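Trainee: I am new to this structure and would like a close look at a single part, the small open sheet. Please then go on to the salt bridges and the surface.

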Amino acid sequence: MVVWRMTSLVKWILILVGLISVIANIVIVCLYSGRLPKCSSKPNHAFMGKHNERSTVFADLSADEYLQVRDYMSNQKDLDISVNALTKPSGNFLFLIDLSLPRKADALGYLDNNKPKPVREATAVVFYGNRGHIKEYVVGPLPNPIYHRDVTVERYKEELPINARTVTIGEYALIFKFINDEVFTKLCKIVKESFDVSKDKTLNGFEGMPRGVKSGERQTWISFFRDLSGMYIHPVGLEVLINHESTNASLWSVKRLLYNGQYFDSVEDLIKQYDAGTVTKIVYNHVQNYASLKPKSKPTGLSPQQFYAQGKRFSVKNNHVMYLEWSFAFGLSSLTGMRVFDIRFKGERIAYELSVQEAMSVYGSITPGMILTKFLDSSIGIGRFAHELVRGVDCPYAATYIDTFRYIDVSAPHRFRNSICLFEHNTGRPLRRHFSDFFSNSYGGMVNSALVFRTITAIGNYDYLWDFIFYQSGSVETNVHATGYISSSFNVDGNLKYGHKVAENTIGNIHTHFINFKVDLDVLGVENVFQTKDMKFMNVSLPWMPERYAMVPQLVEAQLKTEKEAALRYDTKTPRYLHIASNRTNRWGHQRSYRLQVVSFTGDSLPETEPEEKSMSWARYKVAITKHKDSEQTSSSLYSQNNMWTPAVDFSKYIEDDESIENQDLVAWVTTGFLHIPHAEDIPNTVTVGNGGGVILRPHNYFDEDPSIHSPDGVYISPGSEGNCENNKMACLAEDACSPVIEPFTYNGFEGTMKFEE
């Protein structure tokens with residue numbers, strides 16, 4: 001009894017001491033943090049110039065402008081247009097409203113020479129199901145439109161057939177009903193025994209594309225997957241080919257089925273052979289969801305966070321961004337995604353436009369759902385799927401977040417909260433540095449702090465991170481990194497030729513990723529030339545010993561004169577240095593230029609003998625240089641996916657006329673990407689590390705010296721000045737430290753997801 005009392009007394013004393021210690025620590029922390037000033041959220045930097053109100057010529061349409069265009073178009077009785085998102089294919093549906101970009105000459109006149117502001121207009125895309133074609137209209141002026149003009153033939157040189165249209169939400173709703181009525185209802189016994197499908201437990205479909213093998217067809221192989229989170233890596237072994245060419249859904253039909261590697265001509269044929277025992281049956285086995293992204297270990301702690309000790313050094317107003325010596329305008333196209341305009345450094349325009357054009361994948365498989373699959377994402381809408389970014393994960397917690405509005409396959413414009421983020425980022429390695437150890441001692445260096453402009457698009461199974469990065473050295477980088485889920489197919493005999501087994505009965509299929517960017521560089525104006533530089537070893541006699549020779553690397557320079565010369569194919573050796581150059585020189589007599597440095601790990605492009613290749617002919621070229629034309633706005637189109645054989649835009653035709661590119665307004669079309677051979681570590685999710693590509697625009701003799709030498713971030717230390725703050729702000733970090741302002745965590749990303757019913 002005495003021992004128990006002593007133990008109890010000691011326990012209470014320890015608890016009391018611990019409690020006092022906790023209270024004391026809290027008091028100390030509170031007292032200390034009370035002395036720390038809160039970090040300013042406002043920019044604390046003198047920018048070069050002011051925000052440019054004229055950048056709004058590139059601004060995306062506002063919610064009000066979308067509504068004005070929608071209402072104007074729906075009020076034109078002769079057009080007979082529906083704005084109901086569930087409009088059937090047989091109806092006339094206003095599918096898309098987007099900004100119609102001004103002519104470049106008009107925009108430059110307004111930006112630089114006080115010419116009149118270009119008329120603000122929108123593009124409206126209408127799927128005329130009851131007329132059998134697609135129309136594009138320019139609608140204006142905005143706000144309060146009063147006219148519309150059919151520009152279809154002007155833009156594409158031909159009428160657009162209705163089967164080139166994207167599958168709309170209204171068509172998807174009918175496809176879901178058709179599959180349920182014509183497949184699952186009839187196969188209820190088979191799908192119950194094979195996949196445990198019942199009234200309350202279903203399968204999800206994933207489409208192969210293109211929808212057929214020739215123009216005019218609209219036949220889609222649909223592969224089925226378990227209804228689990230991350231369904232894309234849970235194939236079950238059932239695939240169905242449906243013919244939905246007609247805009248009248250009552251004429252649709254099931255053409256073929258694949259069950260466990262065996263083909264059947266009809267649903268009835270499968271039932272008959274299944275019941276007769278001539279089919280190798282799939283036996284349902286319950287599996288854990290290996291595709292779930294729910295952490296398998298409980299999250300603990302926090303990753304390192306960044307904050308702005310002296311306020312943000314960038315500012316956003318309307319669609320205009322200022323950062324140190326940089327400024328640019330921005331937009332987010334529903335079809336092509338991220339784009340920036342009027343990029344200036346130290347007040348000089350570097351580029352007129354830098355934009356995403358297309359994301360394409362070609363798959364390999366033995367099963368029909370993927371054997372012909374070639375995805376062209378702009379035909380679905382790259383920017384369409386830019387949902388809310390998760391604070392602290394998709395972007396730094398303290399980033400600035402921007403809302404966007406879009407009108408595509410909906411009844412009214414949708415707001416996508418926080419779908420763009422902007423932040424200054426310490427890359428974790430110096431931009432430049434040198435430690436001097438010989439003869440004299442000193443250290444000079446500079447942190448690589450850059451502005452990142454980002455969105456992320458979740459297009460079906462893949463998520464793409466799109467970054468535009470602005471460095472203090474005068475360089476701009478645009479890149480993409482892929483994550484999300486791989487596409488997979490059911491493991492049948494012969495499929496290991498097309499990928500690796502990554503889970504039970506699951507093959508991760510080999511595929512390519514090709515990304516196309518438009519780089520409209522204006523180097524000191526719009527009269528530029530295209531130059532290449534490289535090296536070769538030359539056998540040179542030594543000046544002081546003429547009889548002795550040595551192989552010495554030598555500079556090789558060339559200027560390419562026509563579009564065909566400057567179409568640099570992936571399957572040929574490309575010069576390592578590619579330049580858009582002006583005819584003006586720097587202090588040292590060299591032409592001032594910007595270099596295109598492509599970072600790419602692509603697989604092979606589709607052979608030109610394949611009829612579908614015309615829809616992705618831009619992928620032939622690592623870089624292609626063309627003379628700027630307002631009629632050559634994009635390298636792909638909304639209609640390429642579903643009419644690959646006679647695409648509305650065939651990029652190779654931009655090059656066929658072989659125009660001069662000497663002293664012209666030049667556009668570089670840059671293709672990058674990577675080959676993906678899926679592996680076990682792609683389960684559950686593909687990581688961004690190593691899965692990406694991009695292009696860096698680097699000044700090359702553009703300046704007389706590295707412009708970052710003027711940056712306020714420079715550090716210089718000499719013996720005896722180690723603690724001096726004058727040339728080393730890091731020495732004063734403790735004095736300048738502040739307490740970050742933490743915004744509350746919110747997430748509204750599920751507001752903008754696709755709905756297939758009212």
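**A small sheet and the charged pairs**

Mentor: In this predicted model, an open sheet is formed by 3 strands in the order β22-β24-β23, with antiparallel pairing. Strands β22 (488-490) and β23 (499-503) are the edge strands, each pairing on one side only. From one strand to the next, the twist averages 40°. Strand β24 covers residues 506-509, and 4 bridges join β23 to this antiparallel partner. Within β24, Ile-507 stands opposite Lys-501.

An annotated span comes next. The UniProt record, an unreviewed entry, annotates residues 305-709 as "domain: Copper amine oxidase catalytic". That span is 2% helix and 52% strand, and its end C-alpha atoms lie 28 Å apart.

Now the charged pairs. Side chains of opposite charge can pair when their charged atoms come close. Searching the whole structure gives 43 salt bridges. One of them joins Arg-313 and Glu-424, with an N to O distance of 2.5 Å. Arg-313 sits in the loop between α7 (267-276) and β11 (314-317), while Glu-424 belongs to strand β18 (residues 414-436), so this pair ties together parts that are 111 residues apart in sequence. Both Arg-313 and Glu-424 are buried.

Another salt bridge links Glu-171 to Arg-218, whose closest N and O atoms are 3.0 Å apart. Because Glu-171 lies in helix α5 (residues 169-184) and Arg-218 in the loop between β6 (203-207) and β7 (219-226), the pair ties together parts that are 47 residues apart in sequence. Glu-171 counts as buried because its relative accessible area is 0%. Arg-218 is also at 0% relative accessibility and therefore counts as buried.

Asp-71 and Arg-70 meet through their side chains in a salt bridge of 2.9 Å, N to O. Here Asp-71 is partly exposed, because its relative accessible area is 32%, whereas Arg-70, with 17%, is buried. There is also a network of salt bridges, which links Lys-627, Lys-629, Glu-632, Asp-657 and Glu-659.

Last, the surface. Val-213, Ile-371 and Leu-372 make a nonpolar surface patch of about 240 Å². Of these, Ile-371 is placed in helix α8 (residues 368-371). Ile-371 has 41% relative accessibility and so counts as partly exposed.

Terms used
Residues are numbered from 1 along each chain as its sequence is written. This is a predicted model: local features need pLDDT of at least 70, side-chain atom pairs count only at pLDDT 80 or more; totals for chains, interfaces and linings use all residues. Side-chain values use heavy atoms; hydrogens and water are left out. Patches are made of residues with over 30% relative accessible area and no salt bridge: like charges are joined within 9 Å, nonpolar side chains (Val, Leu, Ile, Met, Phe, Trp, Tyr) within 5 Å. Accessible areas come from the Shrake-Rupley method with a 1.4 Å probe; for residues, only the protein chains shown count as cover. A salt bridge is a side-chain nitrogen of Lys or Arg within 4 Å of a carboxyl oxygen of Asp or Glu. Helices (H or I, at least four residues) and strands (E, at least two) are DSSP runs, numbered from the N terminus. Buried means under 20% relative accessible area, exposed over 50%, partly exposed in between (1.4 Å probe, protein chains only). UniProt positions are given in the numbering used here, feature names are shortened, and annotations may be inferred rather than shown by experiment. Two strands pair if DSSP finds at least two bridges between them. Axes are lines fitted to C-alpha atoms, for helices over the stretch in contact, and angles run from 0 to 180 degrees between N-to-C directions.
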